[in-house]
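Please walk me through this structure as you would for someone who has not seen it before, taking the sheet, the charged pairs and the cysteines in turn.

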Amino acid sequence: MKRLVYALPVLAFGLLAFFLFRSLWAPPPQVLPSALIDKPVPDRTLPPLDAATKGFGPKDFTKGKVIIVNVFSSTCVPCRLEAPMLDELAKRPGITLYGFVWKDKAADARQFLNEVGNPFSRIGLDTEGSAGLEWGVYGWPETYVVDGRGIIRFKYDAGPLTPEIVDKLLLPAVEKARAAS
């Protein structure tokens, strides 16, 4: 009986250590779920980046077409890496891209777009970051798919878009959003 009293804590520690070490080798989640999936876009209109663009708001998402919203900043290195993918994506028929400048200055964001290209038909500016909080943004880059009724159907926030991510996740989400519109 005395041995059992000494063995139980050792066995309990061994079991706890096993599960903790096992979790270290588990693959990390690639896409964090968003609380806004299947909910309307936030009721906030973003002002335009500058005089050369138009901003956007909830009414712009309810015109029957699927829109991809990409959150970026001039200080975001992965945003620079995904820029060529966004340019290619914007050239596809039936794809509409909106840019969402988050926590950045308008002049810096314009300079960034002049350097990497501008695939966006509209660009909203959120210098303070409060609109980003309403959208559930926590970093750059992030990409949302919004159906033609203004409902957020997909969010990708695990890094820059790549051809593989676009083909396997983003385009299927666009098609699913079209079917839901």
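The paragraphs below go from the sheet to its central hairpin, then to the charged pairs, the disulfide and a single helix residue.

This is a predicted model, and a convenient place to begin reading it is the sheet. Six strands make up an open sheet with mixed pairing, and their order across the sheet is β1-β6-β5-β2-β3-β4. Because β1 and β4 (122–126) stand at the edges with a single partner strand each, one side of each of them is left without a neighbour in the sheet. In general, the strands of a sheet pair through backbone hydrogen bonds, and they do this in either a parallel or an antiparallel sense.

Following the order of the sheet from the β1 end, one meets the pairing of β1 with β6, which is antiparallel and extends over two bridges; here K39 stands opposite I152 in β6. The next pair, β5 and β6, also runs antiparallel and is joined by four bridges, with V146 standing opposite that residue, I152 in β6. On the other side of β5 comes β2, and these two strands run antiparallel with five bridges between them, I68 having V145 as its bridge partner in β5. Helix α2 (residues 77–91) lies across β2 and β3 (97–102), and its direction makes an angle of about 160 degrees with β2.

Strand β5 deserves a closer reading. Together with β6 it forms a hairpin with four residues between the two strands, and G150, which lies in the turn, has a positive phi of about 85 degrees. How many of the residues of β5 are buried? Five of its five residues are, which leaves the strand mostly covered. In a regular strand, side chains alternate between the two faces of the sheet. In β5, E142, Y144 and V146 lie on one side while T143 and V145 lie on the other, and with all of them buried, both faces of the strand are covered.

The charged side chains add a further set of links. Side chains of opposite charge can pair when their charged atoms come close, and the structure holds 13 salt bridges. One of them connects the two strands of the hairpin: K155 forms a salt bridge with E142, with 3.4 Å between the closest N and O atoms. K155 belongs to strand β6 and E142 to strand β5 (residues 142–146), so that the pair, 13 residues apart, links distant parts of the chain. Both K155 and E142 are buried.

Another salt bridge brings together the side chains of R153 and D38, at 2.8 Å from N to O. This pair links parts of the chain that are 115 residues apart, since R153 is in strand β6 (residues 151–156) and D38 is in the loop between α1 (2–24) and β1 (39–40). Are these two partners buried or exposed? R153 counts as partly exposed because its relative accessibility is 24%, whereas D38, at 51%, counts as exposed. The pair also belongs to a wider arrangement, for D38, D147, R149 and R153 are linked in a network of salt bridges.

A further salt bridge is formed by R110 and D50, whose closest N and O atoms are 2.6 Å apart. It again links distant parts of the chain, with R110 in helix α3 (residues 106–116) and D50 in the loop between β1 and β2 (67–72), 60 residues apart. R110 counts as buried because its relative accessibility is 18%, which is under the 20% cut-off for that term, while D50, at 24%, counts as partly exposed.

The cysteines provide a link of another kind. The structure holds one disulfide, which joins C76 to C79 with an S to S distance of 2.3 Å. The torsion about the S-S bond of C76 and C79 is about 85 degrees, and the disulfide is therefore right-handed. Both ends are covered, C76 counting as buried at 5% relative accessibility and C79 being buried with a relative accessible area of 3%.

Finally, helix α3 also contains A109, which counts as buried because its relative accessibility is 0%. What does A109 touch, if residues up to four places away in sequence are not counted? Its contacts are L49, S74, V101 and D104. G64, by contrast, is 45 residues from A109 in sequence and 29 Å from it in space, C-alpha to C-alpha.

Note on methods: Residues are numbered from 1 along each chain as its sequence is written. This is a predicted model: local features need pLDDT of at least 70, side-chain atom pairs count only at pLDDT 80 or more; totals for chains, interfaces and linings use all residues. Side-chain values use heavy atoms; hydrogens and water are left out. A disulfide is a pair of cysteine sulfur atoms within 2.5 Å. Buried means under 20% relative accessible area, exposed over 50%, partly exposed in between (1.4 Å probe, protein chains only). A salt bridge is a side-chain nitrogen of Lys or Arg within 4 Å of a carboxyl oxygen of Asp or Glu. Two strands pair if DSSP finds at least two bridges between them. Contact means heavy atoms within 4.5 Å. Axes are lines fitted to C-alpha atoms, for helices over the stretch in contact, and angles run from 0 to 180 degrees between N-to-C directions.
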